[in-house]
Protein chains: 2
Amino acid sequence: MNHHTFTALADPHRFQIVELLRERPHSVGEIAERLGLRQPQTSKHLRVLTDAGLVHMEPQANRRIAHLRPTPFRDLDDWLTRYRPLWEERLDRLDDYLRTLPPEDPAPDPTDPGGSP
Amino acid sequence: MNHHTFTALADPHRFQIVELLRERPHSVGEIAERLGLRQPQTSKHLRVLTDAGLVHMEPQANRRIAHLRPTPFRDLDDWLTRYRPLWEERLDRLDDYLRTLPPEDPAPDPTDPGGSP
DNA sequence: AAGGAATATTCCTGTCAAGGCATATAACGG
DNA sequence: CCGTTATATGCCTTGACAGGAATATTCCTT
C-alpha cells in the first residue's frame, strides 16, 4: 500500500469524486456541477487522483472523461485482507476485544480537581 | 466512511504504527523504539489514531498499550465492497477496462501540428 | 481564422499538520 | 516522600495543501 491512495481519499471532496465515479465515468464539468465545486479545483483534485493512480483521464473530443482505475482499490482490498482476522476471529478472542471497549462504570472525571468539601 | 480513517492512514509513520499493531498490541515506548520515532511524536500519532477510532489505548501499570480496533477496518472493508465490481467484473467489460490502459502502438502525437516538410 | 466551450495552470493566501524540543503529568519502586 | 520511568502536552517553526480568482491552453465549430 502506498500512502498516496490514502492521501487521495482523505480529502472529502476527492472522496466524493471517487464515489461519483464509482457509478460511471464523468467529465470534469459534470463532476464540478454535480458536486458544487469550481472547475479549477475539480481539475486539481482530478490531478491528485490521477497521480495517485486512482483515476484515469480519457480525452474525448473537447472534454476529458474521468474513469476509476481498479488497481488501487484491489490493492486496498488485498492489504485489508491481512486485517480481516481482526474482526472475523473476534469470537475466538472475545475477551481481548472487550478490552477495547470503554469501561461500563462512569469513572470520575480526570479533569476534576476532586476537591469536594 | 469518514475521512478521518483515510487521514489517519495517510501519514507514513501512522501507517507503520498500524502495521505494527496488526501483529500484536504494543506500548508507546515499544512503538517509538521499533519505528525509530521520538516518544512525543509517537504519542501524538497515537492520539490521532485514537481520535480516528483506529486504536484503543489501554492503561496497564506505568504504560499504555495500543490495540488496533476492528471497527474502522471492517467499515473500510464494507465500503470497498461497493468497488469490487470494478475489478471482479472486469472480464465482462474488458474493452472498458482496456481504455484505461495507455495505447500500445505509438500513436501520432495529437499535439503535433502535423506539418511535416 | 475567429470565437467559444471545456479544461489546465499559475499565483496568492490562509490553514493545518508534523517534527523538534522542553516540560508537565502520571504511575511505579523504594 | 523521592527519584525514576513512561507518557502526554505545549510552543515553535516549517512545509504542504486547499480554495479563490485570473489567465493560459486545447479543441471544437463555423
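This is a working chat about a predicted model and the residues around its DNA strands.

Q: How are residues, chains and ligands numbered or lettered here?
A: Residues count from 1 along each chain as its sequence is written, while chains are lettered from A and ligands numbered from 1 in the order in which they are written. Because the model is predicted, local features need pLDDT of at least 70 and side-chain atom pairs count only at pLDDT 80 or more, whereas totals for chains, interfaces and linings use all residues.

Q: Which residues come nearest to DNA strand C?
A: A:Ser27, A:Gly29, A:Pro40, A:Ser43 and A:Arg63 come nearest, out of 21 residues around the strand. A residue is near a strand if its C-beta atom, placed from the backbone, lies within 6 Å of it.

Q: Which elements give two or more residues to that surface?
A: In chain A they are helix H3 (28–35), helix H4 (39–51) and strand E3 (63–68), together with helix H4 (39–51) of chain B. H4(A) gives the most, with 6 residues. Helices (H or I, at least four residues) and strands (E, at least two) are DSSP runs, numbered from the N terminus.

Q: And which residues are closest to DNA strand D?
A: B:Ser27, B:Gly29, B:Pro40, B:Ser43 and B:Arg63 are the closest of 23 surrounding residues. H4(B) provides the largest share of that surface, 6 residues.

Q: Changing topic, where is B:Asp11 found?
A: B:Asp11 is in the loop between helix H1 (3–10) and helix H2 (12–23) of chain B. The C-alpha atoms of B:Asp11 and B:His45 are separated by 9.1 Å, the two being 34 residues apart along the chain.

Q: Why does B:Asp11 count as partly exposed?
A: Because B:Asp11 has 18 C-beta neighbours inside 10 Å. A residue is buried with 20 or more other C-beta atoms within 10 Å of its own, exposed with 12 or fewer, and partly exposed in between, with C-beta atoms placed from the backbone.
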